[in-house]
Amino acid sequence: MLRFQNAILEMIAKGEPLDVTLDHLCIEAQRLLTGGCCAIVSADPSGRLQCLSAPGLPEPYRHALNAIIVGPDVGSCGTAIYLNVQVEVADIEVDPKWAPFRSLALPLGLNACTSSPIRDEHGKPGGAFAVYFRDKRLPSAEEQEVLAVCVNLCELALRRHQRVIDRERRATMDSLTGLPNRSAFDEALACLRCEFPGSWAFSSSTSTI
């Protein structure tokens, strides 16, 4: 457990890409969760889920997650984010929260799901960490400890990622007007020169005539 935790913390500290970090987190967590398959989702401002990582789930299922809107009885992840509590479902086949989605999960052998909210620094849920089990069961006490560590690592990774985005935005936006500043203009100009080098060379040569 400690080695797993330190490995993810090192990736976060080094600024590894978020998708790489979260994929590694899921893969390593699955080694500690017997028969478990992990997924990490976020929720956009409109409440629509976005699958950030689910390396053990097939692409159609990951894609289907992106169409779900959070709510009080929306599977495990949608409910966990909406209510800001851990949601444990021991039997997807009979749980009413899974009624609209069980046809997606059951054919894949996913029979149980526990999801915990991922919160920002203000305690507001912005995503969820889920573990699916092939057996109809709840996580053991030891697995609950693994889940708690995973949620904490997800929160650290997502908060760092958001800080980087905010810092980059401030670097290219005027704080008073909210419009792109000179740095943003220079960056856009540099991109144009890279994409259309011939045009810039022509423009430069004609301007000296």
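**Close-up views of a predicted model**

**View 1. Tyr-61 and its aromatic surroundings.** Tyr-61 counts as buried, its relative accessibility being 5%, where buried means under 20% relative accessible area, exposed means over 50% and partly exposed lies in between (1.4 Å probe, protein chains only). Tyr-132 is likewise buried, with a relative accessibility of 2%. The model is predicted, so that local features are reported at pLDDT of at least 70 and side-chain atom pairs at pLDDT 80 or more, whereas totals for chains, interfaces and linings use all residues. Residues are numbered from 1 along each chain as its sequence is written, and side-chain values rest on heavy atoms, with hydrogens and water left out. Across the whole structure, a search finds three aromatic pairs, a pair being two rings of Phe, Tyr or Trp (its six-membered ring) with centres within 6.5 Å, called stacked if the planes are under 30 degrees apart, edge-to-face if over 60 and tilted otherwise. The ring centres of Tyr-61 and Tyr-132 lie 5.8 Å apart and their planes meet at 85°, so this pair is edge-to-face. The pair connects distant parts of the chain, 71 residues apart, since Tyr-61 belongs to helix H3 (residues 59-65) and Tyr-132 to strand E5 (residues 125-133). For Trp-98 and Phe-101, the ring centres are 6.4 Å apart and the planes stand at 90°, so this pair is also edge-to-face. Trp-98 and Phe-101 are both buried, and together with Tyr-61 and Tyr-132 they form one aromatic cluster.

**View 2. The charged end of Arg-137 over the ring of Phe-133.** In this view the charged end of Arg-137 sits 3.9 Å from the centre of the Phe-133 ring, the criterion being NZ of Lys or CZ of Arg within 6 Å of a ring centre and within 35 degrees of the ring normal.

**View 3. Glu-143 and the backbone of Ser-140.** Glu-143 lies in helix H6 (residues 141-172), which is a DSSP run, as helices (H or I) need at least four residues and strands (E) at least two, numbered from the N terminus. Although its side chain is acidic, what matters for this view is where Glu-143 sits: the residue is buried, with a relative accessible area of 6%. Its side chain reaches the backbone nitrogen of Ser-140 at 2.8 Å.

**View 4. The salt bridge of Glu-28 and Arg-31 in helix H2.** Eight salt bridges are found in a search of the whole structure, each being a side-chain nitrogen of Lys or Arg within 4 Å of a carboxyl oxygen of Asp or Glu. Between Arg-31 and Glu-28, the closest N and O atoms are 3.2 Å apart. The two residues are separated by about one helical turn, because they lie three residues apart in helix H2 (residues 18-32). Arg-31 is exposed at a relative accessible area of 60%, whereas Glu-28 is partly exposed at 23%.

**View 5. The salt bridge of Glu-59 and Arg-62 in helix H3.** The side chains of Glu-59 and Arg-62 meet with an N to O distance of 2.5 Å, and their spacing of three residues in helix H3 places them about one helical turn apart. Glu-59 is partly exposed, with a relative accessible area of 46%, and Arg-62 is also partly exposed, with 23%.

**View 6. The salt bridge of Glu-155 and Arg-159 in helix H6.** Here the N to O distance between the side chains is 3.8 Å, and the partners, both in helix H6, are four residues apart, which is about one turn of the helix. Glu-155 is buried at a relative accessible area of 12%, while Arg-159 counts as partly exposed at 27%.

**View 7. A salt-bridge network of Asp-91, Glu-93 and Lys-136.** In this view three side chains, those of Asp-91, Glu-93 and Lys-136, are linked in a network of salt bridges. As context for the close-ups, the chain holds eight helices and five strands, which run α-α-β-β-α-α-β-α-β-β-α-α-α from the N terminus on. Of its 209 residues, 36% count as buried.

Conventions. Polar contact = N/O pair within 3.5 Å; in protein donor to acceptor, adjacent residues only side chain to side chain.
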